[in-house]
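Trainee: I've got this one open and would like to talk it through before I set anything up. Could we start with the overall picture and then pick out one residue?

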Amino acid sequence: MASQSYFDSPSAATTDYPVPLSPPLPALSKDIEPNRALTASSKSALFSLSRSHVIFEDEWIIAVNKPQGIYCESVLSSLPDLLNDTGANVSELHLANRLDRDTSGVMLITKLHKVAAKFVKAFTDHKVRKTYLAYCVGLAPKWEKITVKSGHGRSKYGAWRVYAASDAGRKLPGGSLVKDMETSFEVLSVNGLGCFKEVSDFHKDEDVVIVQEKSVIGCDLKKDEILVRASPRSGRTHQIRLHCQYLGIPIRGDVRYEGVYEWKGSRYDSHELHAESLSFEHPITGKPMLLQAPLPSWAIQP
């Protein structure tokens, strides 16, 4: 049934709905993901924040380094115990950004409703810059910097998929709309060769890909180990993971989007994606802020 594998259902190809350009969830993910969710639920129930998780704090915001395999809600719910020692108001805590269960890194929490509202506007207006690190396995790309522009959506059948950029605004089965999605990437190392770079301007000397058709690069070419930095302009669910899959360099351990589960004799029980930094203008003081999380071991080794 390979001829139907890119459609959400047998009828999707014969309707006037947009056709997804990335494949449906692999069978492997349907076996592994439920177990990962159960493990994360158990870990999250026991999780408590400590001062070692705190990256930055003032009277308006607190930034923490979220561990891999912990739900955002568990981080938020454990924050009052940490702040009660300082006498801070804990009644208006709000997540300013969200990370996937298995994504580690910078998570920002506001302490007041008025500050939360300012961050909602800042994210909407693209005034907050985010960078991530991803450890990928695939075919080493020929580009050093690239920006991918595509559509993003999920039909009533449930999987997030890449769509053509020109499909933005079109309706999907179930009534949701395809939205625009844009991510810039920079290669930092290939097979351990390269050097770690400070966060830079992604838009210098980059290629631009406007997605209109299925990728010609398959994810079955598991050959090279690539460390990339990603900067999403939009904030779509699983955005970096989907674009890595489209580029033929799925993230190691990301079985939902064709990443390797077993690699060089080891199994990877979560994907290797890290929220490296957030930069923004402080909503109260107006000062420029750059918050960076400590690097995980898999990002340091290359």
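Mentor: Keep in mind that this is a predicted model. As for the overall picture, buried residues make up 50% of the 302 residues in the chain.

Trainee: Okay, and how many helices and strands are there in the chain?

Mentor: The chain has five helices and 15 strands. Its radius of gyration is 20 Å, close to the 19 Å that the globule rule gives for 302 residues, so the chain is as compact as a globular protein of that length.

Trainee: What box do the C-alpha atoms fill?

Mentor: Taken along the principal axes, the box is roughly 60 × 45 × 40 Å. Of the contacts with a separation of 6 or more, 71% are between residues 24 or more positions apart.

Trainee: Switching to the surface, how much area does the chain expose?

Mentor: About 14400 Å² is exposed, and carbon and sulfur atoms supply 52% of that area. As for charges, the chain has 37 positive and 35 negative ones, and their mean positions are 3 Å apart.

Trainee: Now a single residue: is valine 106 buried or exposed?

Mentor: Valine 106 has a relative accessible area of 1%, under the 20% cut-off, so it is buried. It is found in strand β4, which covers residues 104–110.

Trainee: And which residues does valine 106 touch, leaving out those up to four places away in sequence?

Mentor: Among them are Ile55, Val64, Asn97 and Leu99, and also Ala275, Glu276, Ser277, Leu278 and Leu291.

Trainee: How far is valine 106 from cysteine 136?

Mentor: Their C-alpha atoms are separated by 20 Å, with the two residues 30 apart along the chain.

Notes:
Residues numbered from 1 in each chain as written. Predicted model: local features only at pLDDT ≥ 70, side-chain atom pairs only at ≥ 80, totals over all residues. Heavy atoms only, no water. Helix = DSSP H or I, 4+ residues; strand = E, 2+ residues; numbered from the N terminus. Rg over C-alpha atoms; globule rule 2.2 N^0.38 Å. Buried < 20%, exposed > 50% of the residue type's maximum accessible area, 1.4 Å probe, protein only. Contact = heavy atoms within 4.5 Å. Areas by Shrake-Rupley, 256 points an atom, 1.4 Å probe, with all protein chains shown as cover. Lys, Arg positive; Asp, Glu negative; His and termini not counted. Charge placed at Lys NZ, Arg CZ, Asp CG, Glu CD.
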